Amino acid sequence: MKNKPVRYVLFAVMCCIQLYIPVSMVLQQNDTLNNGVPYLFLTAPVDPNDIFRGKYIYLQFSGNEVVVDSTKVWNYDQEVFVSLEKDEKGFAKIKTVSSDQPAVREDFMKAKILSIFPDQHKITLQFPFERYYMEEFDAPVAESVYAEAAIDTSSVTYALVMVKNGKTTLKDVFIDNIPVKTIVSQKSKER
Amino acid sequence: MHKEIKEWLDNGVIDNDTSVRIENYIASKQKNTQSYFLVFGIIGSLLIGLGLMLIIAHNWDHFSIITKTAISLLPLMATQIMSGFVLFKKFNSDTWRESVATLLFFSIGASIALISQTYHMESDEKSFLLTWMLLALPVVYLMNSSMTFVLFTCGITFYGALKGYSTVPFYKNEYWLLFLLMLPFYIQNIKVKPSGLFTYLQHWILPCSLLVVFGSLHAEGESWMLPVYISLLSFFVLFSYLPVFTNLPFFGNGYRIVGFTGTLLLLFIITFKDWDIHNYVTSAYFSFSPIKTDFWTTIFILISFILIWSVNKIKNPFSPLFLVPGIIFLLFLFPLPHYVPTIVINFFILFLAVFYLRQGLKKNHLGILNGGLGILTILIFCRFFDTEISFVLRGIIFLLVGFGFFFANYYMFQKRKSDEK
């Protein structure tokens, strides 16, 4: 590129795009956090050996199975739109699954098909909020706390997720109504 | 120094030739110093960039979301300002340009990573890598940075493999598009800096990247991957004989080394009787189908192969490796008894060994001669695993080959001596 002014202009455009992408990510996430509808997603019992993922807790959810008329129309890894509703206890529940964006004004989110069970007319979904990042040194403590709670049937573990226009943001993870970060800081002090 | 040289010249202390020699000497010294600065500048940038990523990976929970967001954008903005400064003031300095571009490359990744962590965003490495690489591509061109090109190639290769080796069809893998997008920079580099160290590095990294991602063209139930890889590797060999690559030093021509060693390695695998090409052949021959990516990739490479060969008239130097894709293709195409391909490839490797031995002797080239002997030795060694020959006989064969090495080299030295006389 011999022409210097053109290079300068293109450089300025490049810098703007490079800043625009992370900034727009931040704005969109903040919008969902501040203006989204809160949904509580119950987590599934976990194998404590399977949740160690370094600096985040790997969340698995219990209500991710959907009974469908025919499994033939769905493909593995396909992106789907999930309409949400709340059950009598106030936890999130899948209302419908569709390959098209819901037209009516209702809360929905995107998910991916994790597995298909043709015999049982069932598909399982992968939610887009499986990771809850913690500080490097807190993550192992959080993981063991979460694992203990997730296999203990008497304790209720759930994730608070904000939902807006198909976008989701994981806000917090609770064990028996206490944020996991609070439990971790207590445990860390005890040690 | 230049002033002093002029003064010495004016006062008759040195003559004109000596002054030119001194000037040249100083210039070469300066070039060396610049190269050192370049290498250390890039290493420094790489370390700072990686350090930045690691510090961000700690995920500072005690900071508020706003602080974390500001921190995630700071390195990016700082390196952008530095890049702007280099673009305006220091664009002719390789050291400045490459170091700052490398830093900018990592800052982009670091800022997206930290934002993803702050908001516990989607756990998808693929979309993270794709965003990072798309934002980094203009850095390669606008900063004219070869190091960023290398990092970009590594990034898209990783992305291409992650995406390709899943259930995604090849045309939905953005790797191929990104690969095409970076080619103009590579071609420009070959034109402008044909003997630059970075250009040599690029001659290695491009074929390696293709080798990694090509396996993802394999679709379920297809068995044409062997012809695909053989054709690709032989294509590299042919490509390495194009006029632009002919003056490269041995280790600068990555295509040739990757192509040669890869083809030979695959051929040696086929020579084993337990490795049943027939298994592949039975499911492969006559499986012409428009959706078979493996098969059509082989055809595509073969056609490009023939085109390059005929258009550029690469007849000299002829390499028997050019015949390999054709042979493998024919072996795959026709329903032959399972031992036929094994025997054909064994004899073909024997032919290769003899060809290079003869060529080495004819050209008086020790490298080619010993290459031929090496191929022969590996072939014999491989056959020891197939056959139950007694240790004594194996020993004798190795002794003979060993003496062969010795005498061939000795003969060559003697020939050279008599030629010199």
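**Close-up views of chains A and B**

**View 1. Strand β7(A) pairs with β3(A) and with β6(A).** Strand β3 (residues 65–67) of chain A runs antiparallel to β7(A), and 3 bridges join the two. This model is predicted, and so are the other views below. Val67(A) has Lys122(A) of β7(A) as its bridge partner. Strand β6 (residues 108–117) of chain A also pairs with β7(A) in the antiparallel sense, here over 5 bridges. Ile113(A) is bridged to Leu125(A) of β7(A). The hairpin of β6(A) and β7(A) leaves 4 residues between the strands. In that hairpin, His121(A) takes a positive phi near 50°.

**View 2. The side chains of β7(A) alternate between two faces.** The strand covers residues 122–126 of chain A. Which of its residues are buried? Ile123(A) and Leu125(A) are, and they point to one face. Lys122(A), Thr124(A) and Gln126(A) point to the other face and are not buried. Two of these positions also appear in the pairing: Lys122(A) is the bridge partner of Val67(A), and Leu125(A) is the bridge partner of Ile113(A).

**View 3. Strands β1-β9-β10-β11 of chain A form an open sheet.** The sheet has 4 strands, and the pairing is antiparallel. At the edges stand β1 and β11 of chain A. Each has a single partner strand, so one side of each has no neighbour in the sheet. Strand β1 (residues 37–42) pairs with strand β9 (residues 157–164) of chain A over 6 bridges. Leu42(A) finds its bridge partner in Tyr158(A) of β9(A). Tyr158(A) is bridged to Phe174(A) of β10(A) as well. Strand β10 (residues 167–175) of chain A joins β9(A) over 8 bridges. One of the bridged pairs is Lys164(A) with Lys167(A) of β10(A).

**View 4. Asn165(A) and Asn177(A) have positive phi values.** Most residues other than glycine have a negative phi. Where does Asn165(A) lie? Asn165(A) sits in the loop between β9 and β10 of chain A. These strands form a hairpin with 2 residues between them. Phi of Asn165(A) is about 50°, although the residue is not a glycine. Asn165(A) counts as partly exposed because it has 15 C-beta neighbours inside 10 Å. Asn177(A) lies in the loop between β10 and β11 (178–179) of chain A. Its phi is positive too, near 65°. Is Asn177(A) buried or exposed? Asn177(A) is exposed, because 8 other C-beta atoms lie within 10 Å.

**View 5. Helix α7 of chain B bends at Leu183(B).** The helix spans residues 175–192 and has 18 residues. From its first C-alpha to its last it reaches 26 Å, close to the 26 Å expected. The bend at Leu183(B) is about 30°. A proline, Pro184(B), follows within four residues. Tyr175(B), Leu178(B) and Met182(B) of α7(B) are buried. The buried residues of α7(B) pack against three helices of chain B: α5 (125–142), α6 (146–164) and α8 (197–214).

**View 6. Chain B touches chain A.** In contact are 26 residues of chain B and 29 residues of chain A. On the chain B side, α3 (65–89), α4 (94–118) and α5 each supply at least two residues. Which of these helices gives the largest share? It comes from α3(B), with 7 residues. By class, the side of chain B that touches chain A has 12 nonpolar, 12 polar and 2 charged residues.

**View 7. Chain B is divided into four domains.** The domains are domain 1 (1–121), domain 2 (137–209), domain 3 (218–336) and domain 4 (358–421). Contacts between domain 3 and domain 4 of chain B involve 5 residues of domain 3 and 6 of domain 4. The domain 3 side comprises 3 nonpolar, 1 polar and 1 charged residues. Chain B as a whole contains 16 helices and 0 strands. Of its 421 residues, 35% are buried. Among the contacts in chain B with a separation of 6 or more, 71% are between residues 24 or more positions apart.

Notes. Residues numbered from 1 in each chain as written. Chains lettered and ligands numbered in written order. Predicted model: local features only at pLDDT ≥ 70, side-chain atom pairs only at ≥ 80, totals over all residues. Expected span 1.5 Å × (residues − 1). Bend = angle between axes of the 7 residues up to and from the residue. Buried ≥ 20, exposed ≤ 12 C-beta atoms within 10 Å, placed from the backbone. Contact = placed C-beta atoms within 7 Å. Pairing = 2+ DSSP bridges. Nonpolar A, V, L, I, M, F, W, Y, C, P; charged D, E, K, R; others polar. Domains from an automatic or database assignment.
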